[in-house]
Amino acid sequence: MLAGLALAWAGLASVAVAQGSLPQIKQRGELIFATDPTYPPFEYMEKAQMIGFDVDIGNEIAKDLGLKAKWIGLEWAGVLGSLESGKCDLAMAGITITAERKGKGYVFSRPYLLSGQEIVRRKGDTRINGPKDLVNKIVAVQQETTGQFAVAKLGVPKDHMLRFDQVQDGLMDVRNKRSDATVGDLPTLKAILQKGFPELELVGEPFVKETLGIVAWKNNPELVGLVNRSLNQMMVDGRYAVAYKKWFGEPLTAKIVGELENRKSDGSPVPDVPIAAMKELPQPKVTGSSFSFRWEVAGAAIPQLIKGAELTLALTLLSLLIGTPTGLIFALMRISPVKPLNWIATVYVEIVRGTPLLMQIYVIYFVLPAVGVELSSFVAGVLALSLNAAAYISEIFRAGIESIDSGQMEAARSLGMDYRVAMVNVILPQTVRRVLPPLTNEAVALLKDSSLVSVVALAELMRMGKEIATNGGSPTTVYLTVAVFYLAMTLPLTWLVRRLEAKWQPISRPRDGARRLKRVAA
Amino acid sequence: MSALLSIKNLYKSFGRNEVLKGIDLEVAEGEVVALIGASGSGKSTLLRCVNRLEIPTSGEVEFRGEPITAANANAVRREIGMVFQRFNLFPHITAIENISLAPIKVLGTSANEAKAQATALLEQVKLGAKADAYPGELSGGQQQRVAIARALGLKPKVMLFDEPTSALDPELVGEVLEVMRDLAKSGMTMIVATHEMGFAREVANRVIFLDSGRILEEGPPEQVLGSPKQERTREFLARVLNK
Ligand SMILES: Nc1ncnc2c1ncn2[C@@H]1O[C@H](COP(=O)(O)OP(=O)(O)O)[C@@H](O)[C@H]1O
Ligand SMILES: [Mg+2]
């Protein structure tokens, strides 16, 4: 089965080989940029349009190359990985140039902007005045950004670092007082703080100076050469200055330009390619599949994936443990003749089923603190999953109870049992056997859905996988390994329930059932 | 002699469908009453009103002179056993557990004592060997005998039977009727809705003919079954006996 999966994967990969070689790009006529459009002023969505400094600069580059720019919006964790898989030609997302990223096979253009890591605190929180003060505090960071790396370098322990998908989530966490501070790219923080978060402020000057670059995968240094040419051109002809003024609200100064020129060597060494060369490129060769399972990557990933799987299991089991009895209670309320109980349960179930789990997680994690309820990431995650599962499980139980022949309750009542005794001793034991298969489905769904709580900084299995994949090293290999981990958890569960079902079969099917029904109907 | 059960001016409607239209009936201790009538005439509804599985629309059912109400229904049901057309055994527990469940949970009988009583009851319905069988492993006749033993488990004063042999294959009817006959001989008060006219003639003290929710005719079996006064009764009997 796994071999089949791998094969299918390989097939997909071979179709998707855009791999950004220049001839292919030219034939396509489009230059594909991957980005994470939640990052003002670099790129963000406004009125369903992706706009920002990067978008303007990227469009100009495409124009210089005689191509049309196409932007695809991803989660940050997927942006760099999409280069290797050939889903895009360039990544442009306010990406900091680092030696580490270069070492992993990413090729950077010359710097196109100065940046730096900056601290944000609640207004007037005088405990935090500089990077040294962060060491014993809770710090929110954006997952796999240079902000996270900088905070790690300061010596903040891993369990004091809350990792989020978006800068805004980290800022919200500081506002909600779960985190004491957050660290991120200066231009972005400045832009976001101007629009919202009046209760937060920047702390001094950036404590790490950085430069930003445009990224390609290592098989395409020529493309980066072309990008460099275009950037150099823009600096001279004024297009760069226009974009700078438009998005950062300040004029481009000679000092900034000088510093950018001084740090030109931050970018990767790439060949100079004249733009005219684009026209003489040969027709693309048909490439074979680029897929290969890299055992050394999988092996290195396993210890971290085990950690993630442990958290996934803990989240799932705890949520089932809480969600199942809660669901049963809601089911009993829903079939209760007491009207108010009935209404409460119905409203609850409909609200939970009618809204996305992701939203529920956000509400519990980000909104509850605003009304004074403090929850750790883990507790919030378990709470959200439990409450969600309870709604679905209550429907399973309700259907199960209603599927039990009404003669069972009548027989029990005719023997003098009250409603509660009859429920506990006659109806529910039969219900449990009947709901086991749908309950297993729910457990499996819950195990998979638990990946959604990664948005509140929980490093469960899927998040771990993403992290490793973003960090470089074949995403295909990493995600296949993650799939194996999920299967290793779900398959035994399904198998166990099948065994139980087989064991209970003779009891739930009376031998002369069919005959009996025919006679009654006659 | 005062009646053990008395039904007074009982009406029952389901929505706009009036099913029972003023039933008056007294059942004395030790009496066996056979309830006959066409399908849909209200036999089941009448029996279910007696132990309040259905709530009467108006009128009253008295047990030992006391009206049965929502408040005392659970207590009264311990003294009124019921056997259903479709057995309604609890499929997830064994025959003996089916019998001992109510004594343990309702009367608070100890598990050991309940088990001993259940064993004796299984002997009484001639199923001593099937104590540990699940209902699904028993034939229809065996299931119905376990259901009778289950109803007897609370030592009821009255037993209600709702067409106890209608769901059985013909060859299995005899064994169930035999158990009921023994029960009648032992002096149990019984109301039996049935289409088994032979059984009614032989075992019942009184036969009641129900027609569209009214008692049309009642009397000793020889009279109601032998020389019925009402045309409707004659028609019904002709239909049943010619089958
Ligand atoms: N729970 C119920 N809801 C609605 N109608 C019912 C219900 N139970 C019985 N009836 C109706 O009452 C009438 C008498 O039914 P029943 O007492 O079962 O008759 P019998 O047992 O003599 O065949 C039938 O018309 C039946 O459809
Ligand atoms: Mg009936």
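**Notes on the predicted model**

1. Let's start with α9(A), where L186(A), P187(A), T188(A), L189(A), A191(A), I192(A) and L193(A) are buried. Keep in mind throughout that this is a predicted model. Helix α9 of chain A spans residues 186–195, and seven of its 10 residues are buried, so the rest of the structure largely encloses it.

2. What covers those buried residues of α9(A)? The cover includes β2, β8 (113–122), α8 (167–175), β11 (181–185), β12 (200–212) and α11 (239–248), which belong to chain A. So if you are looking at α9(A), pull up strands and helices together, since β8 and α8 of chain A are both among the covering elements. Right after α9(A) comes F197(A), with a positive phi of about 55 degrees.

3. That brings us to backbone oddities. As background, most residues other than glycine have a negative phi, and most peptide bonds are trans. In chain B, R64(B) is not a glycine, yet its phi is positive at about 50 degrees. R64(B) sits in the loop that runs between β4 (58–63) and β5 (66–67) of chain B. Is R64(B) buried or partly exposed? With 45% relative accessibility, R64(B) counts as partly exposed.

4. F87(B) is another one to check by eye: its phi is positive, near 60 degrees, and it is a residue other than glycine. Its place is in the loop between β6 (80–83) and α3 (95–107) of chain B. F87(B) has 1% relative accessibility and therefore counts as buried, the cut-off being under 20%. Put the two loop residues of chain B side by side and you have R64(B) partly exposed and F87(B) buried.

5. Chain A has a cis peptide bond to look at. It runs from P40(A) to P41(A), and omega is near 0 degrees. P41(A) is in the loop between β2 (38–39) and β3 (43–46) of chain A. You have already met β2 of chain A, as part of what covers the buried residues of α9(A).

6. Now the ligand. Which residues surround ligand 1? They are F14(B), N17(B), V19(B), A38(B), S39(B), G40(B), S41(B), G42(B), K43(B), S44(B) and T45(B). For the polar side of things, a backbone N or O atom of S41(B) is 3.3 Å from an oxygen atom of ligand 1, and a backbone N or O atom of G42(B) is 3.0 Å from an oxygen atom of the ligand. T45(B) uses its side chain instead, with an N or O atom there 2.4 Å from an oxygen atom of ligand 1. On its own, ligand 1 has 550 Å² of accessible area, and the protein covers 59% of that. Two elements of chain B give two or more residues to the shell, namely β2 (17–27) and α1 (43–50). Of the elements, α1(B) gives the most, with three residues.

7. On to charges. Over all chains, the count comes to 40 salt bridges. D125(A) in chain A takes part in two pairings worth viewing together. One is with R122(A), where the closest N and O atoms are 3.9 Å apart; the other is with R127(A), at 3.0 Å between the closest N and O atoms. Given that a salt bridge here needs the nitrogen within 4 Å of the carboxyl oxygen, the 3.9 Å pair of R122(A) and D125(A) is included. R122(A) and D125(A) are both buried, and D125(A) gets that label because its relative accessibility is 10%. R127(A), with 41% relative accessibility, counts as partly exposed.

8. Two further items on salt bridges in chain A. The side chains of K264(A) and E261(A) meet in one, at 3.6 Å from N to O. K264(A) is partly exposed, with a relative accessible area of 33%, and E261(A) is also partly exposed, at 34% relative accessibility. Then there is a network of salt bridges linking R334(A), E350(A), R353(A), E395(A), R398(A) and E402(A).

9. Last, a look at the surface. L318(A), L321(A) and I322(A) form a nonpolar patch there, with about 270 Å² of accessible area together. L318(A) belongs to helix α13 of chain A, residues 295–334, and with a relative accessible area of 32% it is partly exposed. For the spacing in that patch, recall that an α-helix has 3.6 residues a turn, so residues three or four places apart point the same way.

How values were computed:
Residues numbered from 1 in each chain as written. Chains lettered and ligands numbered in written order. Predicted model: local features only at pLDDT ≥ 70, side-chain atom pairs only at ≥ 80, totals over all residues. Heavy atoms only, no water. Helix = DSSP H or I, 4+ residues; strand = E, 2+ residues; numbered from the N terminus. Buried < 20%, exposed > 50% of the residue type's maximum accessible area, 1.4 Å probe, protein only. Patch = residues over 30% accessible without salt bridge, like charges linked within 9 Å, V, L, I, M, F, W, Y side chains within 5 Å. Areas by Shrake-Rupley, 256 points an atom, 1.4 Å probe, with all protein chains shown as cover. Contact = heavy atoms within 4.5 Å. Near = heavy atom within 4 Å. Polar contact = N/O pair within 3.5 Å; in protein donor to acceptor, adjacent residues only side chain to side chain.
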